[in-house]
Amino acid sequence: MNSFRNTALALAGAALLSAAVTTTAQADEAPWCTGDDLVISAHDMRPNGSTNKGHVVRFAAAEGVTCTIGGSVSNLRFLDAEGADMNVPLTGGQGEYSEATVHGNYSAVLYVGSRISGPHVTPASIQFDLPGQGSLGDRVTVAWPSWIGAPVQVGNIGWPVS
């Protein structure tokens, strides 16, 4: 049984390494993502305890597109149903810079977290500027799935954590 498990783990590790090498090589060749290159959506995450609520913003490539995205979003705002800024306070640092090449089944993510205790708001959408190369990228607005606590902590765009 241990031999089978070790072989399965070795094969899985080799497959992940192969995918990482391929994705890194593609990052060197893929153009930088614009708003038209991406299908962006926000989702609730499974609870990781009783103190924090998590959301994930997924950056998937539009059909037939391969592009690279990374870094942090700018000018992030939570908007109400009329499109007005809800002035939700943001906190925390951006984290380590990374890039991800999105295509086919490979998506990049942005994790958003907040406290369960304390004030809550229910935004209709989130708006931000995509990272650009040397300047701000496109401004996008994405439907928001549920309530969020304040303040909100936002990380960098990168590969999903499994």
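**Strand pairing, core and disulfide of a predicted model**

Asn75 lies in strand E4, where its phi is near 55°, a positive value in a residue other than glycine. The structure described here is a predicted model, and in it Asn75 is partly exposed, with a relative accessible area of 35%. A positive phi, again near 55°, is found for Asn87, which is likewise a residue other than glycine. Asn87, however, is located in the loop between E4 and E5, and with a relative accessibility of 60% it counts as exposed.

The mean pLDDT of the protein is 83, and 81% of its residues reach 70 or more. Over residues 1-27 the pLDDT stays under 50, and for this stretch the model has eight contacts beyond four places in sequence. Where pLDDT is low, the predicted coordinates should not be read in detail. The protein contains one helix and twelve strands, and from the N terminus on the helix precedes the strands. Of the 162 residues in the protein, 36% are buried. Among contacts with a separation of 6 or more, 78% are made by residues 24 or more positions apart.

Strand E4 belongs to an open sheet of three strands, which are arranged in the order E4-E9-E10 with antiparallel pairing. The edges of this sheet are taken by strand E4 (74-79) and strand E10 (136-143), each of which has a single partner strand, so one side of each is left without a neighbour in the sheet. On average, and with direction ignored, neighbouring strands of this sheet are turned by 15° against each other. Strand E9, comprising residues 125-131, is joined to E10 by six bridges, and the two run antiparallel; within this pairing, Phe128 stands opposite Val140 in E10.

A second open sheet is built from five strands in the order E1-E2-E7-E12-E5, and here the pairing is mixed. Its edge strands are E1 and strand E5 (90-91), each of which pairs on one side only. Between strand E2 (residues 52-61) and strand E7 (residues 108-115), which run antiparallel, there are eight bridges, and the bridge partner of Phe59 in E7 is Ala108.

Residues of both sheets also appear in the largest nonpolar core, which has 29 residues and in which Leu38, Ile40, Val57, Phe59, Phe78 and Phe128 have the most contacts. In soluble globular proteins, nonpolar side chains tend to be buried together. For Val57, leaving aside neighbours within four places in sequence, the residues in contact are Ile40, Ser41, Ala42, Ala108, Val109, Leu110, Val112, Phe128 and Trp144.

The loop between E1 and E2 holds Met45, which counts as partly exposed at 35% relative accessibility. Not counting residues up to four places away in sequence, Met45 touches Gly54, His55, Val56 and Tyr111. The C-alpha atoms of Met45 and Val112 are separated by 9.5 Å, although the two residues are 67 residues apart along the chain.

One disulfide is counted in the model, and it joins Cys33 to Cys67 with an S to S distance of 2.1 Å. The link of Cys33 and Cys67 is right-handed, with 95° about the S-S bond. Cys33 lies in the loop between helix H1 (2-29) and strand E1 (38-44), whereas Cys67 lies in strand E3 (residues 67-70), so the pair ties together parts that are 34 residues apart in sequence. Both cysteines are buried, Cys33 with a relative accessible area of 4% and Cys67 with one of 0%.

Within E3, Cys67 and Ile69 point one way while Thr68 and Gly70 point the other way, and all of these residues are buried. In a regular strand the side chains alternate between the two faces of the sheet. Strand E3 is joined by four bridges to strand E6 (residues 99-102), and the two run antiparallel; in this pairing, Cys67 stands opposite Val102 in E6.

Towards the C terminus, the peptide bond from Ala150 to Pro151 is cis, with omega near 5°. Pro151 is placed in the loop between strand E11 (148-149) and strand E12 (152-158).

Definitions and conventions
Residues are numbered from 1 along each chain as its sequence is written. This is a predicted model: local features need pLDDT of at least 70, side-chain atom pairs count only at pLDDT 80 or more; totals for chains, interfaces and linings use all residues. Side-chain values use heavy atoms; hydrogens and water are left out. Two strands pair if DSSP finds at least two bridges between them. Axes are lines fitted to C-alpha atoms, for helices over the stretch in contact, and angles run from 0 to 180 degrees between N-to-C directions. pLDDT is the predictor's confidence in each residue, from 0 to 100. Contact means heavy atoms within 4.5 Å. A disulfide is a pair of cysteine sulfur atoms within 2.5 Å. Buried means under 20% relative accessible area, exposed over 50%, partly exposed in between (1.4 Å probe, protein chains only). A nonpolar core is a set of buried Ala, Val, Leu, Ile, Met, Phe, Trp, Tyr and Cys residues joined through side-chain atoms within 4.5 Å.
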